[in-house]
Amino acid sequence: MSVPSVFQERRRLPMRRRPLPLLAVGAAHLIGRLSPLRIRQILTACSLGGRPATYAEAARARADVVAVSVRCAGQGCLPRSIATALLCRARGTWPTWRTGMRTVPMVAHAWVEAEGRPVDDLPLTPGIPPLITVAPRARS
Amino acid sequence: MPESTTPGSGWFAVLPDCDAARAAAAVLGAEATRIVEHASGRPWLVGRWAEDEAVVATVGDARVAVVGLSPLTESRLAALVREDDALGSLDRLATGPVGGCHLLASQSGRLRSQGTASGLRQLFSARLAGVVVACDRADVLATAVDAGIDERLVALRLMDPLIPHPLAERPLWRGVSAVPAGTALLTDAAGNARTRRWWQAPEPELPLAEGAERLAEALADAVAVRTAGGGVISSDLSGGLDSTSLCFLAARGPARLLALTLTGADPANDDLSWARRAAAHLSDTDHQVLPMDELPPHYTGVLRAGEGVDEPFTGVRVRAPFAETARRLAGMGSRLHLSGEGADQILSARPPYLHTTFRTRPRTALTHLRATLSAQRWHLLPTLRALADRRSYGRWLADTARDLSPVLALDGTPALGWQMLRPQLPPWASPDAAAAVRELLWQTALEAEPLAPTRGQHEVLWSVRNGTRLARQLTRVTSEAGLPTHYPFYDDRVVEAALAVRLHERTTPFAYKPLLVRAMREAVPAELLARRTKGEYSAEMQSGLRTRRADLADLLDRPLLATLGLVDADALRRACLSMFPPRLSPVTLEATLAVETWLRAHAGPASATPAMGSEAAA
């Protein structure tokens, strides 16, 4: 396994662009404390109607989240991935949200994917089988 | 068999210049193949070493010897020795361009003997036949004086690698002591000895740019000493920054370079792709990629892994694959192997540096602290409390001895003490083991001095000592397999250069090894210096635990540690053979297995103390 050895570089966001990411981060921290079942229910409900996010859109949302939250920039993969997905949704899209774990060595991780690959999350993610996936779905 | 001795696989002992030492010489000389004499004609150095491993100079009635890697020839060594003060001239030799070597001097009945400041080359001493004898191996002395093992120190080794200074350097035998790194053993004509400090760690006060220049120079010298002899040498090329730097420096020298990349099974390890990118820049280098599954799995031969090493070492797990790699590279013609070990220890301080920086540069410290809190998931209040803590080293040691229970990973405890994580014992340690360790800690706390006045620098020096303790044993393992391993990052000049740089510039949560990146700007292509991840190999360890279950079950069937009353055998077996507790560091288990295998090799019925003998022989 490879592990990130450096705190992620954080872009600075202009003041006027901070409220939405901050809101997403706040919500993500609350949602992240719930049970996996509740998290999945809430995210599934949120995902409804968002068109699939492109890689660029998801990467931008992730960068915005990391820019406003030190916690999300560090080891907080759960709030980070939830906030990224929520921020995407606020902008009309939805990435694929995933969480999974591997046992040898024991790692639990949450991340988002777009265009079929993890968004800015290499190299930790490969090799972690997903347990919960919330993919974009169109409103029926 | 002196001719076939690989450098690093032998030993030497230093004998005082008096008639009383003859009895000691007779004991040690039985196993020796080489002898160097004092001016008086009495034996000075006895042992087994490779032809070119020792350089001895004679200046008047003085004798000076360099054992190990050094650029010095006999004549150049002689030129550096002052005839009236041979012992004092070791100071000049020790601060000159040395690789890694023991320095020894004898004049008018007085001796001075020392290893390196890093601790990679060590000396031990014991009183044998009435005189103090020094040796680079504790087990040789233990055999010579027929020493018994001290169970309290065995218990202490269960803490590895978190054994607090200065307890970690104590040999496990009664009557054998270590000459602390950075001090010299001074022996008089009657065969009595005392130690004197010759090395002082630099104050961390240089700005990064200046320090990087010094580091670049020291590291280039360190590698150049090793390539100077030409021929073929090999180096790790893991894909990490440390070994990559060594390869680029080594490729400049006259030796042909063989770069070795081991590839693991873990798909999430991106080391190989980085190694290939580096190799693409190294046109004259032979890049060997060796899949780890071609090597013996970790823990192979675990039942005999403690043999031939003078203290338990966590390399027990990798002993077989290391030896096999060494044999293969030696077979390809390599005469020595470069390892990037040591870089982690010297290039950045660990979190306690924040405690130090907070007092000198509070604003910088707060920025770093905020990132560290998030990256390490420390809780805020305990962190603030830890920052405010001003206890002295001895006081801290005594206080932490109260609670030796295991620290679980990610429990939110800030690591800002004198030692990154507080002293702790594994969950399978018995109450007796805990009592023994607590007593040792309390005894030590009364007079313990930290390695440096601040927590930040103390932690760095302590982790260097811990690192060299392991490297010293691994060198022996690979040397015995025919290929000595070298650690340029542990050369004294390199350590000094790195440690002179300000803590908060050497270590920042926002950049990966900024000191090395800056120092290697001209030697290594920028694209390779941009790496921000690090390979991690716990998967290999854990699959080794599964592959070698039968051996491990055999090892733990009647553990000697349980016979000594130091561990709960059932708890240890459960941890080792079932799924390993996920929040416990794998090193915790490794340390215990290392102690157990070492005891097997050294505490057999013959060499055990009476108290242990009856149980161990049962």
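This is a walk through helix contacts, empty spaces and unusual backbone spots in a predicted model.

Before you start clicking, note that residues are numbered from 1 along each chain as its sequence is written, while chains are lettered from A and ligands numbered from 1 in the order in which they are written. Local features here need pLDDT of at least 70, side-chain atom pairs count only at pLDDT 80 or more, and totals for chains, interfaces and linings use all residues, with side-chain values taken from heavy atoms and with hydrogens and water left out.

**Stop 1: chain A helices**

Select residues 36–47 and 77–90 of chain A, which are helix 2 and helix 5. Helices (H or I, at least four residues) and strands (E, at least two) are DSSP runs, numbered from the N terminus. The two helices pack at an angle of about 20°, with axes 10 Å apart. That makes helix 2 of chain A roughly parallel to helix 5 of chain A. For reference, axes are lines fitted to C-alpha atoms, for helices over the stretch in contact, and angles run from 0 to 180 degrees between N-to-C directions. Angles under 35 degrees count as roughly parallel, over 145 as roughly antiparallel, 65 to 115 as roughly perpendicular and the rest as oblique.

Now show side chains: A:Ile39, A:Leu43, A:Cys46 and A:Ser47 of helix 2 meet A:Leu78, A:Ile82, A:Leu86 and A:Arg89 of helix 5, where contact means heavy atoms within 4.5 Å. By class, this contact has six nonpolar, one polar and one charged residues. Ala, Val, Leu, Ile, Met, Phe, Trp, Tyr, Cys and Pro count as nonpolar, Asp, Glu, Lys and Arg as charged, and the others, Gly among them, as polar.

Keep helix 5 of chain A and add helix 3, residues 55–68 of chain A. Their axes come within 8 Å and cross at roughly 120°, so helix 3 and helix 5 of chain A are oblique to each other. On the helix 3 side, pick residues including A:Ala58, A:Ala61 and A:Val65; on the helix 5 side, try A:Ala83, A:Thr84 and A:Leu87, among others. The contact of helix 3 with helix 5 of chain A has seven nonpolar, one polar and four charged residues.

**Stop 2: a helix pair in chain B**

Move to residues 569–577 (helix 24) and 586–602 (helix 25) of chain B. Their axes come within 11 Å, crossing at roughly 120°, and helix 24 and helix 25 of chain B are therefore oblique to each other. B:Leu572, B:Ala575 and B:Cys576 of helix 24 make the contact with B:Leu589, B:Thr592 and B:Leu593 of helix 25. Colour that contact by class and you get five nonpolar, one polar and no charged residues.

**Stop 3: empty space**

Rolling a probe the size of a water molecule over the atoms shows where empty space is left. On a 1 Å grid over the protein atoms alone, a cavity is a set of points where a 1.4 Å probe fits but cannot get out, and a pocket is an open set with protein on both sides within 12 Å along at least five of seven lines; lining residues have an atom within 4 Å of a point.

Centre on B:Pro7, B:Gly68, B:Leu69, B:Arg121 and B:His486, which lie nearest the centre of the second largest pocket among its 41 lining residues. Helix 16 of chain B gives the largest share of that lining, four residues. The whole lining has 16 nonpolar, 15 polar and 10 charged residues.

Next, select B:Gln122, B:Ala168, B:Glu169, B:Arg465 and B:Arg469: of the 14 residues lining the largest cavity, they lie nearest its centre. Helix 16 of chain B gives the most to this lining too, with six residues. The cavity lining divides into four nonpolar, five polar and five charged residues.

**Stop 4: backbone oddities**

Most residues other than glycine have a negative phi, and most peptide bonds are trans. Go to B:Asp160 and B:Pro161, whose peptide bond is cis with omega near 0°. B:Pro161 sits in the loop between helix 5 (151–157) and strand 10 (176–179) of chain B. The bond from B:His165 to B:Pro166 is also cis, with omega near -5°, and B:Pro166 is in the loop between helix 5 and strand 10 of chain B.

Finish at B:Arg377, in the loop between helix 12 (362–376) and helix 13 (380–388) of chain B. Its phi is near 55°, a positive value in a residue other than glycine.
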